[in-house]
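Trainee: Could we go through this model together? I would like to see how each label is earned.

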Amino acid sequence: MAKCLKKTAFGLNESVPIKPDIPIALPTCWCRKQQYPQMTMAEYKLEMTTADLPYAGTSDYIYVTLVGTEGQSERTLMDNYGFDFQTGASGSYTVKTSFSLGKLLLVKVEKNQYLCLPEDEWYFSKMVVTTPEGDVILYPCYRWISRGEMVELRGGRAMKAYEDDHPLLIDHRKKELMLKKSLFQWKSMGEGLPHINSFNDVSEIPTEMRFYDSRIADFNYSRKKIGIELKIKGLLGSTAYWETIEDMKKIFWYKKTTMAEYVADHWMEDDFYGYQFLNGVNPGVIKRCSELPTNFPVTEEMVKPFLEVGSSLQKEMEKGNMFLYDQKKMDGIPPAAYNGEPLHVTAGLCLLNVNPENKLMPIAIQLNQQPSEKNPIFLPSDTESDWLLAKMFIKNADCMDHESVHHFMRTHFLAEVFAVAALSSFSVIHPMYKLLLPHFRHTLHINIRARLSVLGPDGALSNSSLGLDGVKELMRRDLSEITYSSLCLPENIAARGLESIPNFYYRDDGLKLWNIIQSFVKAVVEHYYPSDCEVQRDTELQDWISEVFTHGFLGNKASGFPAAFHTVEEVVKFTTMVIFTPTVQHAAVNSGQYDYNSWAPNSTLRLHKPPPTTKGQSSMKTVLETLPNVGDTVVLAGMLWLLSDRYSNYIPLGTYPEERFDEPEPKQMIKEFQAALSCLSEAITTRNSHLELPYTYLDPAEIENSVSI
């Protein structure tokens, strides 16, 4: 049984391991059928599909038993002339019974050894059964089955728990959920942080939730190629500092993107600096400024030269043209040490203005929260190196905030919370399970790897200016302040006052995607929940949201996250956010990392020299000495290459290769969802053809269906 527990995908994945010698309770009419068999034979037509994956086929014996309300069939060997169950193949088989089995309840599938051949696991995709009465029923599986294993599949339309009305199905569902609760458990990542799955290694998670071998091979090939190139050039492990900015353009021969080259050429320009707060990899941090914070004493005289002629700071704020980046949540976090010396973390403030050309321009920077003589306000009119250093320290803090909070915690770790809660709370026959599962496909695998490679002792965030302890404190602070509305893009944009700021393509594309996802979710949810009463009595749905509230947001009622669902509308909104987060939002904060952050002068996780405390004392030599050394720079660039690359088995948003819904209505809804995404993709492509800097990260064709990198 332990083996079955380990191999059971998604917590049973349409199956419950049952020992063959345990009889299944059947109605009394079963005995009558055995005693007085009908003379007319009944035939059940089975179409069984093996996945088109490497080594998915099997030479073992496959047996099927059909279980219905009127009894069960004989244990029947699935055997046609020639080879059965080959990779990517479908086969038609027949199960004959002496009478109709009534309404089919379960299908049992067994895999037993053929001759003395070694174990070859079988990836069984699905079975379609045509009954003697003409009903066509889908039985999804989509999991690996080991030798000696017996699985039970439920088919037909998606069913909520209270809709099961047969004792066998009620008992089956109860045992399934008990097993899932034991398989998908929680553990702490640290006080005040979202809880994570309890698996310690990717080898422990169900096979179907792991990366395919081809993706792992692609990833390892890229990593080796990066390492070889950096070693050949003598860059890997080098403790030397860069002699010129131009030398950094020679890090990679083959990894070139149009956007990365643009960043390297334009990183010093103020308009491009401001553009990144809208369409770079961290577009969720600035907000409209109608009144300056008391600890940011910018005066009219300071910024007047950088405003429209005849305007003023007050007028610009009244017109809604002033915006603020305030990193106060980083204030007071102790920095990490490097070679025995403390690094430097600046919890700064940056004031930006939309000028008459509709460009967002930085016009004042203060590098620490408390104003003082040693914490001057830097201006574009300062020396080139002073202004560059001020912008670099703001971007250093932003890079750490982006990677730890907006990328890993708010997409990776929250997606994991949504996934573990769903995997442990929903039966595989539940409509919400079928809706949500495609968006969690590889989340557990990538997160287990990320916690080792990014948050491990030698990981990028551990070697940032904050260090691992500082990064965890930053995430802890953010989670304590996070709100439900901040994860819902329409409310997020409105709360930050960014409804009308020009050239904000993340907002434009993101809101359209939110609406498309919401329309799809609304159609599916309302199909299965025609009234609020249906929501309130669904124990599995209530268990899911309770698990998310408890383990994701630590029961913080002030956050505004629901602890229970009362209405259909609440389910639609929350589910929209849950799908949006690991797809659209993850693409927004992940896909452009190499483009924007591989060029260290533009954005880096670590700076070495302290921030300037007086003006006029720096030079371009200071800028070079402040940047990470050669070895550290190339390691980060290589990691960003890996995180931003596309690998095999890429599944774009809205693509559902696993057929789980059996009813025509949700199938049609999926087609309409895909059509809407396709139309948006065409519109974004057309828009981008007229832009100097195309914004491609939220093109639906470029958004993966789950967090998987």
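Trainee: Leaving aside neighbours within four places in sequence, which residues is I170 in contact with?

Mentor: I170 is in contact with D164 and D165, where contact means heavy atoms within 4.5 Å. Before we go on, this is a predicted model, in which local features need pLDDT of at least 70 and side-chain atom pairs count only at pLDDT 80 or more, while totals for chains, interfaces and linings use all residues. Residues are numbered from 1 along each chain as its sequence is written, and side-chain values use heavy atoms, with hydrogens and water left out.

Trainee: Where does I170 sit, and what makes I170 partly exposed?

Mentor: I170 belongs to helix α3, residues 167-183. Its relative accessible area is 44%. Buried means under 20%, exposed over 50%, and partly exposed in between, with a 1.4 Å probe and protein chains only, so I170 is partly exposed.

Trainee: And how are helices and strands defined here?

Mentor: They are DSSP runs numbered from the N terminus: H or I of at least four residues for a helix, E of at least two for a strand. The protein has 21 helices and 18 strands.

Trainee: What makes the protein as compact as a globular protein of its length?

Mentor: Its radius of gyration, taken over C-alpha atoms, is set against the globule rule, which is 2.2 Å times the number of residues to the power 0.38. For 709 residues the rule gives 27 Å and the protein has 29 Å, which is close, so the protein counts as compact in that sense. The C-alpha atoms fill a box of roughly 100 × 55 × 45 Å along the principal axes, and 59% of the 709 residues count as buried.

Trainee: Why is N602 called buried?

Mentor: N602 has a relative accessible area of 3%, so N602 falls on the buried side of the cut-off. N602 lies in the loop between α18 (593-597) and α19 (620-626). Not counting residues up to four places away in sequence, N602 touches V263, W267, F272, Q276, K395 and Y596.

Trainee: How far is N602 from L168 in sequence and in space?

Mentor: N602 and L168 are 434 residues apart in sequence and 62 Å apart C-alpha to C-alpha. Another pair, I170 and L605, is 435 residues apart along the chain, with C-alpha atoms separated by 53 Å.

Trainee: What is notable about the phi of N339?

Mentor: Most residues other than glycine have a negative phi. N339 is not a glycine, yet its phi is positive, about 50 degrees. N339 is in the loop between β14 (337-338) and β15 (341-342), and at 68% relative accessibility N339 counts as exposed.

Trainee: What about N358: what are its phi and its place?

Mentor: N358 has a positive phi near 65 degrees and is a residue other than glycine. N358 lies in the loop between β16 (349-354) and β17 (360-366). With a relative accessible area of 40%, N358 is partly exposed.

Trainee: Which domains is the protein divided into, and how do you know?

Mentor: The bounds come from an automatic or database domain assignment, which gives domain 1 (42-155) and domain 2 (207-610 + 622-689). The contact takes 13 residues from domain 1 and twelve residues from domain 2. The centres of domain 1 and domain 2, taken over C-alpha atoms, are 45 Å apart.
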